[in-house]
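Please read the following explanation with the sequence and the coordinates side by side.

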Amino acid sequence: MSAKRKTAVVAGGAGFIGAHLCRRLIAEGMRVVCLDSLVTSGLQALRGLRRDPRFDFLRFDINRPFKLPGKFGYFFHLACPASPKAYMRLPLLTLRTGSLGTMNCLEAASAAGARFILASTSEVYGDPLRHPQREDYFGNVDPVGPRSCYDEAKRFSEAAVAAYRGAGRAEGCIARIFNTYGEGMLVSDGRVVSNMICAAVSGRPLPVNGDGSQTRSFCYIADMVEGILRLALRGVPGPVNLGNPQEVSILKLAGMINRITGNNAGLRFLKASAGDPRKRKPDISLAVKLLGWRPLVTLEEGLENTCGWFKDIQGRGNGAHRT
């Protein structure tokens with residue numbers, strides 16, 4: 001590996017997936033430059049990393065044009081409010097980050113001759129009419145719905161990567177990331193796994209939006225980071241789905257979490273979330289073929305790890321995510 005390839009920039013590196021990715025890159029012997037505005041994340045996620053001489057943290061807004069000093073070989077773009085709670089609160093920032101922010105990051109990668117890796121999302125499929133979802137499915141997205149700021153921001157990001165790649169301006173790779181969970185999630189994240197586990201470890205009924213028959217596919221964080229890293233190192237243009245094809249209903253997920261935590265408080269049914277997709281399951285055939293990747297951690301094992309971690313931070317009285 002060349003000296004340039006031994007340095008990676010991670011935009012959004014203080015976020016849930018970003019912080020795990022930074023640690024994995026350091027473990028692989030790389031130097032990491034983490035960029036984050038800390039609007040939806042915190043420095044707690046980087047605890048321990050900031051003492052490593054191979055890690056640098058820069059706080060600034062990627063939505064403003066920027067230049068990075070030094071040489072680097074990879075630019076991972078994970079910066080964007082990612083939970084419905086966050087992007088519905090910050091719709092304009094979400095749109096700017098997916099458009100202007102992505103273009104600025106692509107310009108920085110292009111100037112450095114670095115490989116650009118976009119963390120896109122299964123939300124580009126919207127409320128899918130094809131199941132499971134393959135990369136050649138164009139999706140069923142409401143462009144003006146309650147989730148549209150995030151869906152369309154990521155669709156724009158993908159189009160920008162494709163355009164830069166087509167113009168010979170940047171070597172771009174696109175990962176379509178499905179629901180990811182694990183140690184290090186924010187207690188205030190607002191997504192289903194963290195909401196349910198927080199309730200369970202506190203002995204409260206688990207919140208279920210709607211009747212709970214909607215399905216999701218949950219990928220453990222270590223598996224997700226492995227997939228992103230393989231995509232980057234192999235330079236597969238994509239888009240490539242990264243997720244766990246084990247599909248479960250939200251009701252089944254709630255039952256698993258209550259059983260693992262020993263919570264007997266039951267469930268609390270809430271109004272269905274507006275625009276919430278009914279089904280979500282990745283077809284990962286392309287990832288298996290091109291990356292030799294598939295998830296190794298079962299949902300049961302991953303939930304046990306994650307519930308244990310949430311119990312630990314509850315016992316310490318720490319509501320922020322620590323990894």
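The paragraphs below turn to one helix and then to the aromatic pairs of this predicted model.

Helix α5, which covers residues 192-201, is largely enclosed by the rest of the structure, because eight of its ten residues are buried. The residues in question are Val 193, Ser 194, Met 196, Ile 197, Cys 198, Ala 199, Ala 200 and Val 201. As for what surrounds them, the buried residues of α5 pack against the strands β7 (180-181) and β8 (206-209), and also against the helices α7 (250-261) and α9 (299-316). Just after α5, the backbone at Gly 203 adopts a positive phi of about 75 degrees.

The aromatic side chains offer a second way into the model, since a pair of aromatic rings is described by the distance of the centres and the angle of the planes. The structure holds nine such aromatic pairs. One of them joins Phe 75 and Phe 116 in a stacked arrangement, with 5.7 Å centre to centre and 20 degrees between the planes. Because Phe 75 lies in strand β4 (residues 74-77) and Phe 116 in strand β5 (residues 115-121), this pair ties together parts that are 41 residues apart in sequence. Phe 75 counts as buried, at 0% relative accessibility, and Phe 116 likewise counts as buried, at 0%.

Another stacked pair is formed by Tyr 125 and Tyr 137, whose rings are 6.1 Å apart centre to centre, with 15 degrees between the planes. Both tyrosines lie in the loop between β5 and α4 (148-166), so the pair ties together parts that are twelve residues apart in sequence. Tyr 125 is buried at 0% relative accessibility, and Tyr 137 is buried with a relative accessible area of 10%. Finally, Phe 72 joins Phe 75 and Phe 116 in one aromatic cluster.

Conventions: Residues are numbered from 1 along each chain as its sequence is written. This is a predicted model: local features need pLDDT of at least 70, side-chain atom pairs count only at pLDDT 80 or more; totals for chains, interfaces and linings use all residues. Side-chain values use heavy atoms; hydrogens and water are left out. Buried means under 20% relative accessible area, exposed over 50%, partly exposed in between (1.4 Å probe, protein chains only). Helices (H or I, at least four residues) and strands (E, at least two) are DSSP runs, numbered from the N terminus. Contact means heavy atoms within 4.5 Å. Rings of Phe, Tyr and Trp (its six-membered ring) pair if their centres lie within 6.5 Å; planes under 30 degrees apart count as stacked, over 60 as edge-to-face and the rest as tilted.
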